[in-house]
Amino acid sequence: MRQRSLGNNGPMVSAMGLGCMGMSDFYGHRDDQESIATIRRALDLGVNLLDTADAYGPFTNEELVGRAIRKRRDRVFLATKFGIVRGDDPDVRGVNGRPDYVRKACEASLSRLGVEVIDLYYQHRVDPSTPIEETVGAMADLVREGKVRFLGLSEAAPGTIRRAHAVHPITALQTEYSLWSRDPEDKVLPTCRQLGIGFVAYSPLGRGFLTGQITRSEDLAEDDYRRHSPRFQGKNFPRNLELVRQIEAIAAEKQCKPSQLALAWILAQGFDIVPIFGTKHQNYLEENWAALDVELTASDLKQISEVAPQGAASGARYSEAMMHLVNQ
């Protein structure tokens with residue numbers, strides 16, 4: 001029960017993975033020593049799926065993960081991503097899926113991570129100016145050369161997923177999915193299931209909001225990007241806080257943390273779903289991993305869905321500019 005297959009014929013990984021992004025970027029203060037300790041504690045607990053990307057930092061998160069897994073490589077299923085291009089302006093994002101860039105990005109990630117092969121290589125965002133067949137064709141070349149084992153996409157639309165899968169088997173599709181982001185249930189998740197592609201749910205705790213630990217914007221560091229996220233702003237904040245309060249009430253009945261309830265809910269949506277929670281602290285890591293022990297009955301799941309149906313969250317999940325890059 002603590003392992004799941006990524007897709008019908010994919011590799012076995014831990015039932016939940018550790019997202020490492022916040023250790024280096026976006027969520028305020030960083031503490032590399034504690035982050036490395038958290039990654040190593042995750043491996044001790046049985047969490048072998050580690051998720052990073054070249055855009056996190058940028059570049060520094062891959063270096064951090066590389067240091068953490070040194071001499072532990074055989075215990076890790078390592079996932080990283082390419083495709084989001086960041087420049088001097090931290091608020092500007094570009095996307096590049098050209099074949100020559102795919103190879104360049106992979107070589108750079110291998111070097112930063114200090115490994116010879118990447119277990120799962122994602123296209124972080126679909127490049128609308130490059131046919132997906134060309135991007136995935138270049139990714140497939142990396143598989144044939146032994147630099148990558150499995151291929152993935154992130155935030156891709158159903159039609160794009162099908163076209164990519166026709167070029168080379170896609171092992172996993174990573175998309176935001178949680179009690180306040182349930183839109184993949186409409187088309188993306190059914191497409192993955194039809195094709196036998198594993199589904200990796202990122203931000204399963206709503207960027208920390210579903211933990212109940214954030215009760216006002218002042219709880220976030222000055223440089224925390226969530227201060228500029230629509231769901232954390234204006235009237236959206238108190239409306240979403242009310243949603244969390246209802247989730248907390250159900251969690252209290254189950255004698256668990258709201259974060260554990262949110263993770264247990266995702267785990268209960270299908271054995272083809274692997275959530276990746278993000279944390280840079282060992283205590284939260286252990287708390288989240290314990291969600292595997294939370295059992296939800298059919299009645300519990302019905303009650304949770306009534307509290308958090310599709311569209312329950314107030315506000316878009318990204319800024320308008322970033323929303324143009326999702327579900328492409």
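## Helix α2, the nonpolar cores and the aromatic contacts

Helix α2, spanning residues 60–69, is mostly covered, with 7 of its 10 residues buried. The model is a predicted one. The buried positions of α2 are Asn-61, Glu-62, Leu-64, Val-65, Gly-66, Ala-68 and Ile-69. Their cover includes two helices, α1 (32–45) and α3 (99–113), together with the strands β4 (49–51) and β5 (77–82). Just after α2, Lys-71 adopts a positive phi of about 70 degrees.

The largest nonpolar core contains 81 residues. Leu-18, Ile-39, Leu-153, Leu-173 and Phe-199 are the members with the most contacts inside this core. Another core, of 17 residues, lies apart from it; Leu-120, Phe-150, Ile-276 and Tyr-318 are among its members.

Leu-153 can be followed further. Leaving out residues up to four places away in sequence, Leu-153 touches Tyr-122, Gln-123, Ile-132, Val-136, Ile-161, Ala-164, Ile-170, Ala-172, Leu-173 and Gln-174. Of these contacts, Gln-123 belongs to strand β8 (residues 118–123). Gln-123 counts as buried because its relative accessible area is 1%, against a cut-off of under 20%. The side chain of Gln-123 reaches the backbone oxygen of Arg-125 at 3.3 Å. With residues up to four places away in sequence again not counted, Gln-123 touches Phe-82, Gly-97, Ile-132, Thr-135, Met-139, Gly-152, Leu-153 and Ser-154.

Across the whole structure, a search finds 8 aromatic pairs. One of them joins Trp-180 and Phe-232 in an edge-to-face arrangement, at 6.1 Å centre to centre and with 85 degrees between the planes. This pair links distant parts of the chain, its two residues being 52 residues apart. Trp-180 is in the loop between β10 (172–176) and α6 (188–195), and Phe-232 is in the loop between β11 (198–202) and α7 (236–254). Trp-180 is buried, with a relative accessible area of 5%, and Phe-232 is also buried, at 4%. Both rings belong to one aromatic cluster, formed by Trp-180, Phe-209, Phe-232 and Phe-237.

Charged side chains also sit over aromatic rings, as tabulated here.

| Charged end | Ring | Distance from ring centre |
|---|---|---|
| Arg-207 | Tyr-318 | 4.7 Å |
| Arg-231 | Trp-180 | 4.9 Å |

The table connects to the features above through its two rings. Tyr-318, under the charged end of Arg-207, is among the residues of the 17-residue core. Trp-180, under the charged end of Arg-231, is the ring paired edge-to-face with Phe-232.

Note on methods. Residues are numbered from 1 along each chain as its sequence is written. This is a predicted model: local features need pLDDT of at least 70, side-chain atom pairs count only at pLDDT 80 or more; totals for chains, interfaces and linings use all residues. Side-chain values use heavy atoms; hydrogens and water are left out. Buried means under 20% relative accessible area, exposed over 50%, partly exposed in between (1.4 Å probe, protein chains only). Helices (H or I, at least four residues) and strands (E, at least two) are DSSP runs, numbered from the N terminus. Contact means heavy atoms within 4.5 Å. A nonpolar core is a set of buried Ala, Val, Leu, Ile, Met, Phe, Trp, Tyr and Cys residues joined through side-chain atoms within 4.5 Å. A polar contact is a pair of N or O atoms within 3.5 Å; within protein, one must be able to donate a hydrogen and the other to accept it, and residues adjacent in sequence count only if both atoms are side-chain atoms. Rings of Phe, Tyr and Trp (its six-membered ring) pair if their centres lie within 6.5 Å; planes under 30 degrees apart count as stacked, over 60 as edge-to-face and the rest as tilted. A charge sits over a ring if NZ of Lys or CZ of Arg is within 6 Å of the ring centre and within 35 degrees of the ring normal.
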